[in-house]
Amino acid sequence: MAIAQYIKEIGRGARGAKPLSREQAADLFGQVLDGAVTDLEIGAFCLAMRIKGETSEEMCGFLDATHQRLALMPATDRPLIVLPSYNGARRLPVLTPLLALLLAREGLPVLLHGMRTEARRVLASDVLDALEIPALQVPEKIANGTVRHIHTQHLHAGLARLLAVREVVGLRNPGHSVVKLMSPCAGPSVVVTAYTHPEYFEMLQTTFRTLGMNALLSRGLEGEVATDPRRTPRYDGFVRGEHTVLEAQQPGTASEVPGLPAEIDVATTATYTRQVLAGELPIPPAIKRQVEHILHVAGQTASETSP
C-alpha cells in the first residue's frame with residue numbers, strides 16, 4: 001500500500017483520523033526510514049501524526065520497523081543500559097551524563113544515543129565530550145563499567161533524517177517517540193525513558209507490555225531521561241513486559257539542590273559532574289534513587305535472561 005493511502009487514513013484531523021494497525025504502521029514507517037517517499041509525503045505524515053497522536057499499536061509498528069533496520073550494538077556481558085538523549089538542557093543542567101557515569105560506576109555498560117533536535121539547548125553528548133568520553137562512529141561492544149555515546153546517524157541514517165524534519169516544520173514527529181523507546185542492542189538491555197505529558201503514560205505502558213520490553217519509566221525533566229533533581233517522580237519498571245510500580249510519586253519540590261550550579265553551559269555542567277563523581281559534591285538524592293531503580297530492573301533483567 002502506498003504511503004498516500006495511510007496519510008488519507010491518519011490525516012482527517014483529530015476526530016476523523018483512523019488509527020493504523022501494527023502491520024500498517026510498520027509498513028508506513030519502514031518506507032519513511034528507507035527513503036522510499038518524497039519530502040512532501042514525509043511532511044504530511046509528520047503533521048498528520050502530530051494532530052492525531054500515536055496509539056500503542058502504531059508505536060509498536062513503528063518500533064518493529066525501526067528494530068528491523070537499526071545497526072545494533074553487540075551484546076554486552078550485563079544488560080546494556082540505554083539512555084536516549086534528544087532534548088538537552090534549557091533551564092537546569094543536563095544530568096543525563098551524571099546518571100550514565102553513576103550507573104557505569106556500578107559496573108553496568110551504558111549507551112547514550114542522541115542528536116541535536118533543538119538549536120539552543122546544551123546536549124548530554126557535548127558534556128560527555130567535555131569529560132573526554134569518546135563518541136562511537138560505529139556500534140561496538142561496550143564493556144562493563146563503561147559509558148559510550150553515539151549519534152543517531154550511526155544507528156540509522158533514515159531515522160536521523162526524520163528527526164531533522166523538526167528543524168523545518170518546528171514540530172516533533174513519531175521519530176522523536178521512537179528514539180526514546182528503541183533498544184539498539186543485539187542482547188539484553190534496559191531502556192531508561194521518560195514522558196513529559198501525562199496522556200502518553202498509558203500508551204507507553206501498553207507498548208512496553210506488548211513488546212515485552214525491559215524498561216524504567218518516569219516523568220523526565222525537559223525531555224531528558226534523568227530525573228528532576230528537585231523531586232522524586234513515580235517509577236514504573238518493566239521486565240519482559242511485566243509491569244511493577246517501583247515507587248509512588250513523592251510530594252513536594254526542593255527549593256534548591258546542594259551544589260547544583262545555576263549555569264547550564266557545557267563547561268560548568270562537566271565540572272559539576274566531575275565534582276559529584278569525586279565525592280566533592282553530594283549526589284542529588286533524586287538521581288541516586290533513580291540509579292537504584294535502574295540497578296533493580298537490570299538485575300531482574302539479568303536473572304530473567306540467564307540460562
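This is a short selection-by-selection tour of a predicted model, moving from a sheet to a helix pair and then to a single tyrosine.

**Stop 1: the sheet**

Start by showing the strands. Eight of them, in the order S3-S4-S2-S1-S5-S6-S7-S8, make up an open sheet with mixed pairing. Look for the edges at S3 (135-136) and S8 (242-247), each of which pairs on one side only. As a reminder for the viewer's hydrogen-bond display, strands of a sheet pair through backbone hydrogen bonds, in either a parallel or an antiparallel way.

**Stop 2: strand S2 and its neighbours**

Now select residues 110-114, which are strand S2. Is S2 enclosed or open? 5 of its 5 residues are buried, so S2 is largely enclosed by the rest of the structure. Turn the strand to see that both faces are covered: Val110, Leu112 and Gly114 lie on one side, with Leu111 and His113 on the other.

Next, add residues 80-84, strand S1, which pairs with S2 in the parallel sense over 4 bridges. Then add residues 147-151, strand S4, which also runs parallel to S2 and is joined to it by 5 bridges. Leu111 is a handy residue to label here: its bridge partner on the S1 side is Val82, while in S4 the partner is Arg148.

**Stop 3: helix H6**

Select residues 96-105 for helix H6, where 9 of the 10 residues are buried. Among those buried are Thr96, Pro97, Leu98, Leu99 and Ala100. Just after the helix, click on Gly107 and check its backbone: phi is positive, at about 90°.

**Stop 4: H6 against H12**

Keep H6 on screen and add helix H12, residues 266-277. Two packed helices are described by the angle between their axes and the distance between the axes. Here the axes come within 10 Å and cross at roughly 25°. With angles under 35 degrees counting as roughly parallel, H6 and H12 are therefore roughly parallel to each other. The crossing is right-handed.

Which residues meet at this contact? Show side chains for Leu98, Leu101, Leu102 and Arg105 in H6, which meet Tyr272, Thr273, Val276 and Leu277 in H12. Coloured by type, the contact residues divide into 6 nonpolar, 1 polar and 1 charged.

**Stop 5: Tyr6**

Finally, go to helix H1, residues 3-10, and pick Tyr6. This tyrosine is buried, because its relative accessible area is 4%, against a cut-off of under 20%. For a last distance label, join the C-alpha atoms of Tyr6 and Lys18: they are 12 residues apart along the chain and separated by 9.4 Å.

Definitions and conventions. Residues are numbered from 1 along each chain as its sequence is written. This is a predicted model: local features need pLDDT of at least 70, side-chain atom pairs count only at pLDDT 80 or more; totals for chains, interfaces and linings use all residues. Side-chain values use heavy atoms; hydrogens and water are left out. Buried means under 20% relative accessible area, exposed over 50%, partly exposed in between (1.4 Å probe, protein chains only). Helices (H or I, at least four residues) and strands (E, at least two) are DSSP runs, numbered from the N terminus. Axes are lines fitted to C-alpha atoms, for helices over the stretch in contact, and angles run from 0 to 180 degrees between N-to-C directions. Angles under 35 degrees count as roughly parallel, over 145 as roughly antiparallel, 65 to 115 as roughly perpendicular and the rest as oblique. A crossing is left-handed if the near helix is turned anticlockwise from the far one by less than a right angle, and right-handed if clockwise. Contact means heavy atoms within 4.5 Å. Ala, Val, Leu, Ile, Met, Phe, Trp, Tyr, Cys and Pro count as nonpolar, Asp, Glu, Lys and Arg as charged, and the others, Gly among them, as polar. Two strands pair if DSSP finds at least two bridges between them.
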